[in-house]
2 protein chains.
Amino acid sequence: LQCYLPDNSAEIGADRRRPAVIVCPGGAYLFTSDREGEQVALRFAAQGYHAFVLRYSTSFGRQRHVDFTVDLPEDGASVYPKPLFDLAKAMLTIRGNAEQWLVDTDKIAVCGFSAGGHLAASLGVHWDGQHLRDKFGVDGAMFKPNALVLGYAATDFTLKKMMEQPANPDHIRLKAFAQLAMFGAAEPALEQLQAASPAQFVSSGTPPAFIWHTADDQVVDVTNALAFASAMAAQQVPFELHVFESGLHGLSLCDESTAGDARFINPDCGVWVDLAMKWLRRRFATAKEM
Amino acid sequence: LQCYLPDNSAEIGADRRRPAVIVCPGGAYLFTSDREGEQVALRFAAQGYHAFVLRYSTSFGRQRHVDFTVDLPEDGASVYPKPLFDLAKAMLTIRGNAEQWLVDTDKIAVCGFSAGGHLAASLGVHWDGQHLRDKFGVDGAMFKPNALVLGYAATDFTLKKMMEQPANPDHIRLKAFAQLAMFGAAEPALEQLQAASPAQFVSSGTPPAFIWHTADDQVVDVTNALAFASAMAAQQVPFELHVFESGLHGLSLCDESTAGDARFINPDCGVWVDLAMKWLRRRFATAKEM
């Protein structure tokens with residue numbers, strides 16, 4: 001857990017409690033992408049948030065890039081649900097230090113991208129789950145995020161497009177690695193896919209969410225965003241959804257600050273950042289009523 | 001058909017062909033709302049479009065407001081599909097006058113709100129339908145819009161939320177009137193509902209669409225936008241979708257220019273206008289490749 005804690009000062013209010021955000025980078029549960037970490041946290045910190053980047057457990061451990069040309073590991077134990085425990089523990093850490101760090105504990109958001117979005121959504125639907133309570137021996141409410149921000153997140157592995165083999169050979173290989181990381185099997189059973197699909201567990205207790213995606217995402221199909229939004233609508237949980245017509249998977253902030261090359265610079269999609277900041281500000285302004 | 005045709009001049013290009021947009025106001029097929037007409041057309045005209053407002057056939061004729069306290073009319077002939085013929089005819093009129101008005105006939109959008117959005121979407125999925133070809137005796141391609149802009153549009157009458165009775169007594173009465181206008185019956189059969197649901201007819205021939213809605217719309221449920229977007233995604237037709245967390249049904253441009261009272265001023269949702277203008281500009285910039 002990497003922390004970016006803006007200083008308080010007498011000039012802006014010595015006792016000001018700040019909202020917080022935990023950023024969960026993507027990386028298919030194989031690694032955590034630097035492109036969806038520090039720069040995103042700094043963008044939030046620049047808006048007055050206490051910002052955290054969670055380097056959750058992944059199957060390639062602390063490696064930050066994965067070489068997909070290596071041999072596919074054999075079927076074995078999945079890294080899941082370790083990442084969910086890591087995120088739950090991060091919530092406890094922030095709540096445990098709230099007095100010292102001056103965190104407003106009614107205003108803790110989780111912002112995730114791709115697999116990190118899956119992780120954020122999973123905490124959003126399972127914060128009151130028995131397995132978390134058993135593991136940490138505390139009330140489920142301690143784990144509940146107050147808002148979710150989901151970027152091109154995987155939310156339902158049973159969707160038609162998620163069950164199909166990808167067209168691109170690189171994506172086939174990525175998917176095989178990712179399935180191993182997630183399920184411990186290159187060909188998981190339908191029950192495993194369902195159990196790992198947060199869209200299927202949305203309830204009235206799920207926190208409000210800001211969801212964004214691109215319609216032509218070739219790695220995590222846009223139907224993931226539509227499925228999660230539909231589940232939120234069915235449960236009458238507040239949400240906002242922005243699907244942009246075109247953009248690669250993994251755009252992060254869509255500008256130079258996170259782009260590895262020019263393909264990841266996309267001003268049309270980049271409006272999500274401002275929309276999300278405004279949405280969070282509105283939500284957190286009225287958190288008392290929630 | 002009300003026309004707003006910006007002048008050409010030697011200074012900005014004497015022979016410049018302009019894109020065009022047909023604005024279809026909402027009004028539940030009972031009337032056509034002034035709040036979703038001229039001001040919307042002027043917004044497009046201000047961006048260099050030839051803009052048109054279509055006052056299509058409605059069951060209260062040229063009345064522009066409906067008094068819902070009058071007796072419910074008996075079951076009878078629906079006004080539908082007259083509005084679809086009206087819109088098809090508007091396409092022919094614009095294409096027929098393209099030389100004189102200097103319209104770029106590869107760049108004709110239809111922008112509709114609520115029932116007008118249903119109408120726009122219906123032309124989007126049925127432009128090549130036998131009934132239009134029979135009625136006008138021309139090739140279906142003459143009716144095809146190049147892009148759709150759908151605001152809080154009804155797209156699927158078979159959705160759970162669309163089949164339920166509304167909670168609000170005013171909405172129950174509005175729905176009864178609207179069903180009569182649309183189907184000629186206060187309680188239409190499932191087959192009628194399906195046949196009138198454009199989301200169920202999306203194909204690879206459907207033009208690209210910009211779709212927006214509010215998540216808490218109490219008149220046309222947000223699942224209408226999600227269903228249409230899902231159908232577009234399944235057919236791999238380009239689309240953009242913006243669902244804002246909160247806003248009344250009928251926001252139109254969301255600002256003073258179209259608000260009857262303060263409840264219809266909503267800057268958070270008002271960003272749709274700029275997003276739609278930019279989306280259309282991008283689409284029409286690449287229309288040749290379509």
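This text describes the symmetry of a predicted model and then its internal cavity.

The relation between the chains is considered first. Two copies of a chain are related by a rotation about an axis and a shift along it. Here chain A is superposed on chain B by a rotation of 180°, with a shift along the axis of 0.0 Å and an RMSD of 0.0 Å. These values therefore describe the relation of a two-fold axis. The same surface serves both copies, since 100% of the contact residues of chain A recur in chain B. As for the position of the axis, H242(A) is the residue of chain A that comes closest to it, with its C-alpha at 2.3 Å.

The interior is considered next. When the whole structure is searched for cavities of 30 Å³ or more, 1 is found. The volume of the largest cavity is about 30 Å³. Its lining is drawn from chain B and consists of V40(B), R43(B), F44(B), L253(B), W272(B), V273(B), A276(B) and M277(B).

Two helices of chain B, α1 (38-45) and α10 (267-285), each supply at least two residues of this lining. Of the elements involved, α10(B) gives the most, with 4 residues. In chemical character, the lining of the largest cavity comprises 7 nonpolar residues and 1 charged residue, with no polar residues. Arg counts as charged, so the charged member of the lining is R43(B). Among the nonpolar members are F44(B) and W272(B).

Note on methods. Residues are numbered from 1 along each chain as its sequence is written. Chains are lettered from A and ligands numbered from 1 in the order in which they are written. This is a predicted model: local features need pLDDT of at least 70, side-chain atom pairs count only at pLDDT 80 or more; totals for chains, interfaces and linings use all residues. Side-chain values use heavy atoms; hydrogens and water are left out. On a 1 Å grid over the protein atoms alone, a cavity is a set of points where a 1.4 Å probe fits but cannot get out, and a pocket is an open set with protein on both sides within 12 Å along at least five of seven lines; lining residues have an atom within 4 Å of a point. Grid points are joined across faces, edges and corners, and a volume is the space filled by probe spheres set on the points. Copies are superposed by least squares on the C-alpha atoms of residues with pLDDT of at least 70 in both. Contact means heavy atoms within 4.5 Å.
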